[in-house]
Amino acid sequence: MIADTRLACECLASPNHGERKGALDMVLLHYTGMASAQAALERLCDPQAEVSAHYLVHEDGRIVQMVPEARRAWHAGKAFWAGESDINSRSIGIEIVNPGHEYGYVDFPDAQIDAVTALCLDVVERHAIAPERVLAHSDVAPGRKVDPGERFPWARLAASGVGHWVKPAPVVSGRFFQQGAIGQPVEAFQTMLALYGYGVDVNGVYDEKTAQVVEAFQRHFRPERVDGVADASTITTLHQLLSLLKA
C-alpha cells in the first residue's frame with residue numbers, strides 16, 4: 001500500500017520507478033494530454049511506456065497515488081533546471097487530468113485545482129520545498145513540452161501559498177527582443193533567465209532555443225500572450241521574480 005501524503009487518496013501502483021539519485025526539492029506539474037483519464041492511467045501503469053508519476057488528479061478532485069514519494073518516478077524526461085538535469089530524481093511529479101493542446105485543451109475545474117493545491121501544500125510542507133521549485137513541465141523542458149499550459153491557474157495556487165508568483169506586468173507596446181536580435185542586451189536578458197533556472201545559452205543571440213524558453217516562461221508567469229517575444233511585460237515580470245528571490 002502506498003501512503004505518503006496526509007490527504008485521502010486512491011492507490012494504483014505503477015511499476016515504472018527507480019532509485020532516487022538526488023535530494024527531493026521540487027514539485028513538477030503536468031497535464032495528462034490524453035483523450036481520457038483512463039487512457040492516462042493505463043499509460044502511466046504500462047511497463048512498455050516507461051512513464052509514471054507520483055500522483056494523478058482527476059477533474060472531480062480525486063487523487064490517485066501511483067509511485068511512493070521516496071522513489072524516482074519517470075515523468076520529466078529530458079529536462080534541466082538550475083544546473084540539474086536529472087529532474088526525476090529531485091521531484092514529485094503530479095499529473096493533472098486534462099486533454100491538453102492535442103485533444104482540446106480546456107480550463108481546469110475548480111474541484112481539481114482545489115485538490116492540486118491541497119496536494120502541493122502537503123508535499124512542499126513535508127519536504128520543505130521552496131516556492132520557486134514548484135514548476136511546470138514546460139519550464140524544465142522548453143520547446144519539447146507545453147504542459148500544464150497557459151490555462152493553468154498559477155495565480156490561484158500562489159494565493160493559497162503554492163509556488164512563486166508576481167502579478168504579470170501589463171502588456172504594452174515598446175522595445176522588445178525576438179529571434180534574430182543580437183548583442184549585450186540580449187545576453188543580459190538570457191542571464192536573467194538562467195539565473196532563475198531556465199536552461200538557456202547565454203550567448204547574446206536571440207536564437208530559437210531562447211524563444212522557446214521565453215514561451216515557457218510566458219506560459220507560467222505571463223500567460224496573457226505566449227509568443228516567445230521578450231517584450232517589456234515579460235522582462236519586467238522576470239525581473240520582479242528575481243528580485244523576490246533575492247529578498
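**Exercise 1. Is Ala128 buried or exposed, and at what relative accessibility?**

Before the solution, two notes on the model are needed. The model is predicted, so local features are taken only at pLDDT of at least 70 and side-chain atom pairs only at pLDDT 80 or more, whereas totals for chains, interfaces and linings use all residues. Residues are numbered from 1 along each chain as its sequence is written, and side-chain values use heavy atoms, with hydrogens and water left out.

*Solution.* Begin with the scale: buried means under 20% relative accessible area, exposed means over 50%, and partly exposed lies in between, with a 1.4 Å probe and protein chains only. Ala128 has a relative accessibility of 69% and therefore counts as exposed. Next, place the residue: Ala128 lies in the loop between helix 3 and strand 8 (134-136), where helices (H or I, at least four residues) and strands (E, at least two) are DSSP runs numbered from the N terminus. Finally, look at the backbone, where phi of Ala128 is near 50°, a positive value in a residue other than glycine.

**Exercise 2. Find where Glu50 and Pro148 lie, and describe the backbone at each.**

*Solution.* Glu50 is found in the loop between helix 1 (37-44) and strand 4 (55-57), and has a positive phi of about 55° although it is not a glycine. Its relative accessible area of 54% makes Glu50 exposed. Pro148 belongs to the loop between helix 4 and helix 5, and the peptide bond that leads from Asp147 to Pro148 is cis, with omega near 0°.

**Exercise 3. Describe how helix 7 and helix 8 meet.**

*Solution.* Two packed helices are described by the angle between their axes and the distance between the axes. Here the axes of helix 7 (residues 208-221) and helix 8 (residues 232-246) come within 11 Å and cross at roughly 70°; such axes are lines fitted to C-alpha atoms, for helices over the stretch in contact, with angles running from 0 to 180 degrees between N-to-C directions. Helix 7 is therefore roughly perpendicular to helix 8, on a scale where angles under 35 degrees count as roughly parallel, over 145 as roughly antiparallel, 65 to 115 as roughly perpendicular and the rest as oblique.

The next step is to name the residues in contact (heavy atoms within 4.5 Å): helix 7 contributes Val214, Phe217, Gln218 and Phe221, and helix 8 contributes Thr234, Thr237, Leu238 and Leu241. Sorted by class, this contact has five nonpolar, three polar and no charged residues, where Ala, Val, Leu, Ile, Met, Phe, Trp, Tyr, Cys and Pro count as nonpolar, Asp, Glu, Lys and Arg as charged, and the others, Gly among them, as polar.

**Exercise 4. How many disulfides are there, and how far is Cys120 from the closest cysteine sulfur?**

*Solution.* A disulfide is a pair of cysteine sulfur atoms within 2.5 Å, and by this rule the count comes to zero disulfides. Cys9 is in no disulfide, since the nearest cysteine sulfur, that of Cys11, is 4.9 Å away. The sulfur of Cys120 is 14 Å from the closest cysteine sulfur, in Cys9, which is too far for a bond. As to their surroundings, Cys9 is partly exposed at 26% relative accessible area, while Cys120 is buried at 0%.

**Exercise 5. Follow the salt bridges of Asp25 and Arg126 to their partners.**

*Solution.* A salt bridge is a side-chain nitrogen of Lys or Arg within 4 Å of a carboxyl oxygen of Asp or Glu, and a search of the whole structure finds 18 salt bridges. In one of them Asp25 pairs with Arg90, the closest N and O atoms being 2.8 Å apart. Asp25 lies in the loop between strand 2 (17-19) and strand 3 (26-31) and Arg90 in helix 2 (residues 87-90), so the pair ties together parts that are 65 residues apart in sequence.

Arg126 forms a salt bridge with Glu69, with the closest N and O atoms 2.7 Å apart. Because Arg126 lies in helix 3 (residues 110-127) and Glu69 in the loop between strand 5 (63-65) and strand 6 (71-73), this pair ties together parts that are 57 residues apart in sequence. Arg126 is partly exposed, with a relative accessible area of 27%, whereas Glu69 is buried, with 2%.
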